[in-house]
Each structure stands twice: as C-alpha cells, then as structure tokens.
Amino acid sequence: MCIRDRYQRRVHGERNKSFRRLEQMLRLTCQRIKNANVSLVSQQFNKSATFCTSQQLDEEPRFLEMVKAYFDEAAQYTSIRKDKLEVYKNCNTVLKVMLPLRRDNGSIEFIPAYRAQHKHHRLPVKGGTRYSPHVELQEVEALSSLMTFKCAVVDLPYGGGKGGIRIDPRQYSAREIESLTRRYTLELAKKGFIGAAIDVLGPDMGTTPREMSIMKDTYQMFFGHLDINAVGCVTGKSISQGGISGRVESTGLGVFYGIRELLKDEGLMHRYNLTTGVKGKRVIIQGFGNVGYWAAKFLTESGAKVIGVVEYNGSIYDENGIDPNDLNRFIQDKKPIFAYTKAKEVYKDDSAFYKECDILIPAALERAVNKYNADRIQCKILAEAANGPTTIAGAEILTNKNVLILPDLLLNAGGVTVSYFEWLKNLEHVRPGRLIKKWEEKSKKNMLNVIYKLAGKQAGEFTAEEQEIIAGPSEKDIVY
C-alpha cells in the first residue's frame, strides 16, 4: 500500500471516529435537553404546588388570558362602552431587554428581563420585580394589570407595573445577582422605566431589601444629581437605605387583617358554618416564603392553628399545629420541607394541600387552584395571598362547594400600601411622625395633668404604662 492510500485511509478513519463522537455527543445533548425540559416542567408546576401535568394546565387559560377573562366577567356589571373597556384592559407599554452576565466561572450568559406598565392614568406606575425562571412577557403584563386594579381597590395614586429577570436566584452567586440587578436598573433608566415620578419598583418573588437597595444605589449613583427624589425610585429597601419599618411583613400582615375582619362578620360566618374570630381556626398555607410566613405568624399569635404547610418540594401536616417560627428557621437553612421532622405527617408531594381545614391560603404562584384540583380542596375560606392563584374554572368549582373566596386584589394589597408610605417618606425627606412626635407627647402629658387635677390627684412622675400611652408614634406604629 502506497503512502497516499495509507494517508487517505487514516484520514477517513479519523473522520469516521469524529463523526461517531459527534453522533454520540448529539445523542447525549438531546437526552440532556429532554431531561432538562422534563425537569423544567416539573419545577414549574411543582413550584405552584399543584403537581398538575403540563398538558392539564395547558388546557386552562394562560395567566394573561385568565386575568382578561376575569376583567370581562366583571365588566358585564358596568355600563362602560366596550371600546373603553378594551383600553382599560390592555397593557400600555412593555419592555424586554437581554442582560449580559459574566458568571463566576468565566462563561457569559444573556438573560431576558422585562418591565410592563399597564396604565398611565395615574403616575407613577407601581409594581414588584420578580426573579424567577418562569418570568416571561405575558406574566409581567398580567401582573401589571392586577396591580392597576389593586391600587384602584385600595385607592392608591398609582398605575400598575411589574417586571422581572428570568433566573433562578438560588443558582446564582450574590455577586452575579448584584451585577444583573445593576445592569437591569441601568437598562430601565435608559428607557424611562424607573424613577420616583415615572415607575417605582418594589420587591416580589425572589427579591429582597438587598436587591431593592442595589437598584436604589445604582439609580442614585448615575441620576441622583438630576433627581432630588432619587431614593424614591424603589420601595422595599433596607431601613438604612430609605426603607420603612414594617415593609417586610406588610403583605402577610395585610392578609392577616383581611382574614381577621372577615371572621368578625356573624352573618357570613353563620352562612359558611364557622364561628366568629380568629381563635381556633385551622389554617393550611401553600408557599412559606415572606408572605406565607408572616401571615402564619400573625394568625398563630391571634389564636389560629397552622396545621399544614405546602412547598414546591413537599408538604407537612400536623393537626396539633406547626410552629411557624421554628419552620421558618428550618427553611432558611435551605433544607427541604419534607426533612422537617417535627410534623406528624410529612410528604414529598402536595398532599397537605388537600387536608380539611377552615382557611386555605395560597401564597405562592398563580393558577395554584384550578379545575384539576379544586374539587379535592377541603376548606371553608380560600384566602388569596398570591397574585391570581385561582383560575376561573377553579373558582367556579369552589363556589359551587360553598367555599368563600377572599380575592387577591384586596387581600394582598398590604405590601403596596406600605410601599406607598415608604414612597411618601422618600418624597418628603422626613421620617413619618417625626415632626409631631414630641408635640403629641407633650399634648398627652398636658391632658393627663388636667385629668389628675380634676380628680384631685397630685400629678407626678408617670408610670411605665402611662409613658407607653403618652409616647408619640414610631414608623412601625403608623404602618401597623
């Protein structure tokens, strides 16, 4: 065999080996993609704790379609022209940007981010910022719509907005999240999507006071010299960065207030076979994040009993009650809920979601209660702490089962209400109550002295209890 033939055979052999390796790599990649898609679908629906299949939820309206369908249903009770209703229903402005990120390992990713401004009839628009792998265009449009209606319900001077970055924050380092947050803020600023008079961002799923403080710092660094109210570009910040006491727990506190006021209504409680008052009520909570934890804490302190908690990776149930503070410490240590050993029943699915209770609180993602699981739910009151947790079909099934639904537009408005207080604090450049605190204390002391004088008593040093009554309001007093 000549050298040329041997060379050709060698080249063909190497080429065949390369093709075989390429074929193996393609097969492996396809399998990984398939597994990743299955995993993503599983995560998406496990996170909403419905554990429905993707095919099942695809048969339900998508989130934006669901919000519009609810709007159309409510619009039937108005005399507003259809063309005007179309204007009210649809989103005004939507922004999509791609954020470059250099990962800690040196690789580069391009990550989609969004911001929607539903209506500008009142400015600024207001809404949270979500870091989640499920963030997409239709979701932020739907959530911004709900924010417009929510602000109208509680009479706040805002239009609705919403935004987010499509990441799972648990898979990124603190440096990477800070880098993304700063780039996102700059992109919003360049497009006119952030500012105390334009669009005020806030926290949402996957974001904390840390991210809000980073946004404020970035905006103030580049635009603070042109905007005296730059600190008010976001709410939900750390106290040291212009935040307000009570903002962290405000949404959960609002959920508690709503449930507490409802339970005072004797007529409704009789209709739904419940006694009045929070004490003794059995509660199951789906989603034990910021909202779920604080709602559980306030309800427990008022005499209710949290008997079940559902998370994306399992659920727990104990008819004798679960300590929300202990469970929160456990979850903060990044431990899966099915590893919590202090509950009598522990599941790796959402079984606790369907246990009998008085109040069920979905406090996670949208469409958690739908036509595939609503018939299994055994509660008397469904308190919607999440945004859009109940589909139209799910709500119809629950209504036919004589379940009272407390709507999200009112129940979870505590967060945006306290964000309004924080925004006002930033615009006024003074802490709430600071200007009148001493005057109020002095007025109360003078009043007590007059009462003592009329009663024939000698006014002297006030007791600790009297001092507490006399004291002027703090930020938290005003918030609560």
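**Strand β4 and some ring pairs**

Modeller: Both faces of β4 are covered here: Gly159, Gly161, Gly163 and Ile165 are buried on one side, and Gly160, Lys162 and Gly164 are buried on the other. Bear in mind that this is a predicted model.

Colleague: What makes you call strand β4 mostly covered?

Modeller: The label buried needs under 20% relative accessible area. Seven of the seven residues in β4, residues 159–165, carry that label, so the strand counts as covered.

Colleague: Why split the residues of a strand into two sides?

Modeller: Side chains in a regular strand alternate between the two faces of the sheet.

Colleague: How do you know that β2 and β4 pair?

Modeller: At least two bridges are required. Strand β2 (residues 108–117) shares five with β4, in the antiparallel sense, so the pairing holds. One of the contacts to look at is Arg115, whose bridge partner in β4 is Gly163.

Colleague: And what about strand β3 and β4, parallel or antiparallel?

Modeller: Parallel, with five bridges between β3 (residues 125–131) and β4. Gly164 of β4 stands opposite Arg130. Helix α5, residues 137–153, completes a right-handed β-α-β unit with β3 and β4.

Colleague: Why is the pair of Tyr158 and Trp423 called edge-to-face?

Modeller: Ring centres have to lie within 6.5 Å, and planes over 60 degrees apart count as edge-to-face. Tyr158 and Trp423 come out at 5.3 Å and 65 degrees, so both tests are passed. Tyr158 is in the loop between α5 and β4 while Trp423 is in helix α14 (residues 414–428), so the pair ties together parts 265 residues apart in sequence. Both Tyr158 and Trp423 are buried.

Colleague: What makes Phe330 and Tyr340 edge-to-face?

Modeller: Their centres are 5.2 Å apart and their planes sit at 70 degrees, so the pair earns the name. Phe330 belongs to helix α11 (residues 324–332), and Tyr340 to the loop between α11 and β9. Phe330 and Tyr340 are both buried.

Colleague: How do you know that Arg376 lies over the face of Tyr354?

Modeller: On distance, the cut-off is 6 Å from the ring centre, for CZ in the case of Arg, and Arg376 is at 3.8 Å. Likewise, the charged end of Lys348 sits over the ring of Phe338, at 4.9 Å from its centre.

Colleague: How many aromatic pairs does a search of the whole structure find?

Modeller: It finds 15. Ring pairs also link a cluster that includes Phe256, Tyr257 and Tyr480.

Notes:
Residues numbered from 1 in each chain as written. Predicted model: local features only at pLDDT ≥ 70, side-chain atom pairs only at ≥ 80, totals over all residues. Heavy atoms only, no water. Buried < 20%, exposed > 50% of the residue type's maximum accessible area, 1.4 Å probe, protein only. Helix = DSSP H or I, 4+ residues; strand = E, 2+ residues; numbered from the N terminus. Right-handed = clockwise from strand over helix to strand, strands pointing away. Phe/Tyr/Trp six-rings, centres within 6.5 Å; stacked < 30°, edge-to-face > 60°. Lys NZ or Arg CZ within 6 Å of the ring centre and 35° of its normal.
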